[in-house]
Amino acid sequence: MRIAVIQASSQISKNELIFNATKKYATNSQIYNFGCTESDVEKYSYIEISLLIGLLISSKAVDFVVTGCSSGQGMMLACNSMPEVLCGYAPTPKDAYLFAQINNGNVISLPLGEEYTWTGPQNLEQTIERLFSEPFGQGYPKSEQNRKIKDTELLKQIRKTGQVDALEVFNNLDEKIIHKLVSKKDVIDSILKNGRETKILDWIRAQNVL
């Protein structure tokens, strides 16, 4: 699995913790850390990060994204506005496990500021550990495994039917937002190198990305 770690600039201090925990527990996976970190010239809101996540997923440059913002809720809602993205909200290890097994999505949003008490680092690491503790999409509880898997596939079909094409979203963005997105060079370079969806790669190149 190819996994990206990227969170809003408001939670720069949590990036290393998220990245290290993902490396530790998502074994046999390729992990990309896209920040945000202090080294980023631009600062990115959770909405802008959700757009970058949309590019990462729709281009098929990565298979899964670990993200978050102060509450985790805003990022989850913004990500679920993106075509081809199915994002869950995981404030606890149990939520992360159920999302992976029942919903089998491709993005998880973590609360990184709201109620981030002295137990925050421990809870966050345990949440990521539980997320990657088993292969995704096995269904839960096991007694309802087949029904749960079928329900998830139906949900994905309904979402796909009800969403516009990814390019329609990006073509209708304000030019200033597009410029800011393509200025996140680590994300864009990785998409151009690893992406497999030609139409997304062509759209990025059309933005005069060097």
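How far is the sulfur of cysteine 87 from the closest cysteine sulfur? In this predicted model, that closest sulfur belongs to cysteine 79, and the gap is 4.5 Å, too far for a bond. A disulfide needs the two sulfur atoms within 2.5 Å, so this pair doesn't make the cut. Cysteine 36 has no luck either: the closest cysteine sulfur to its own is in cysteine 69, 12 Å away, which is again too far for a bond. The count for the structure is zero disulfides. Both of these cysteines are tucked away, though. Cysteine 36 has 0% relative accessibility and counts as buried, and cysteine 87, at 6%, is buried as well.

Cysteine 87 is a handy place to start walking, since strand 4 covers residues 87-89. Strand 4 pairs with strand 5 in the parallel sense, over three bridges. One of the residues involved is glycine 88, whose bridge partner in strand 5 is isoleucine 108. How do you get from one strand to the other? Strand 4, helix 4 (residues 93-103) and strand 5 make up a β-α-β unit, and that unit is right-handed.

Strand 5 itself runs over residues 107-111, and five of its five residues are buried. In a regular strand the side chains alternate between the two faces of the sheet. Here, Val107, Ser109 and Pro111 sit on one side, with Ile108 and Leu110 on the other, and both faces are covered. Strand 5 also pairs with strand 3 (residues 64-69): the two run parallel and are joined by five bridges. Isoleucine 108 turns up again here, this time standing opposite valine 66.

Now for the rings. A search of the whole structure turns up six aromatic pairs. One of them brings together phenylalanine 64 and phenylalanine 132, with ring centres 5.9 Å apart and planes at 75°, so this pair is edge-to-face. The two come from distant parts of the chain, 68 residues apart: phenylalanine 64 is in strand 3, while phenylalanine 132 is in the loop between helix 5 (120-131) and helix 6 (145-162). Both are buried, phenylalanine 64 at 1% relative accessibility and phenylalanine 132 at 13%.

Another pair is phenylalanine 170 with tryptophan 203, whose ring centres are 5.4 Å apart and whose planes meet at 40°, so this one is tilted. Phenylalanine 170 belongs to helix 7 (residues 166-171) and tryptophan 203 to helix 10 (residues 198-205), so the pair ties together parts that are 33 residues apart in sequence. These two are buried too: phenylalanine 170 at 1% relative accessibility, and tryptophan 203 at 7%. Going back to the earlier pair, Phe64 and Phe132 form one aromatic cluster together with Phe136.

Some rings keep company with a charge instead. The charged end of arginine 130 sits over the ring of tyrosine 97, 3.9 Å from its centre. Lysine 180 does something similar with tyrosine 44, placing its charged end over the ring, 5.2 Å from the centre.

One last stop is helix 9, residues 185-194, which includes asparagine 194. Is asparagine 194 buried or exposed? At 17% relative accessibility, asparagine 194 counts as buried. And which residues is asparagine 194 in contact with, leaving aside its neighbours within four places in sequence? They are Arg2, Tyr32, Lys60 and Ala61.

Note on methods. Residues numbered from 1 in each chain as written. Predicted model: local features only at pLDDT ≥ 70, side-chain atom pairs only at ≥ 80, totals over all residues. Heavy atoms only, no water. Buried < 20%, exposed > 50% of the residue type's maximum accessible area, 1.4 Å probe, protein only. Helix = DSSP H or I, 4+ residues; strand = E, 2+ residues; numbered from the N terminus. Contact = heavy atoms within 4.5 Å. Pairing = 2+ DSSP bridges. Right-handed = clockwise from strand over helix to strand, strands pointing away. Phe/Tyr/Trp six-rings, centres within 6.5 Å; stacked < 30°, edge-to-face > 60°. Lys NZ or Arg CZ within 6 Å of the ring centre and 35° of its normal.
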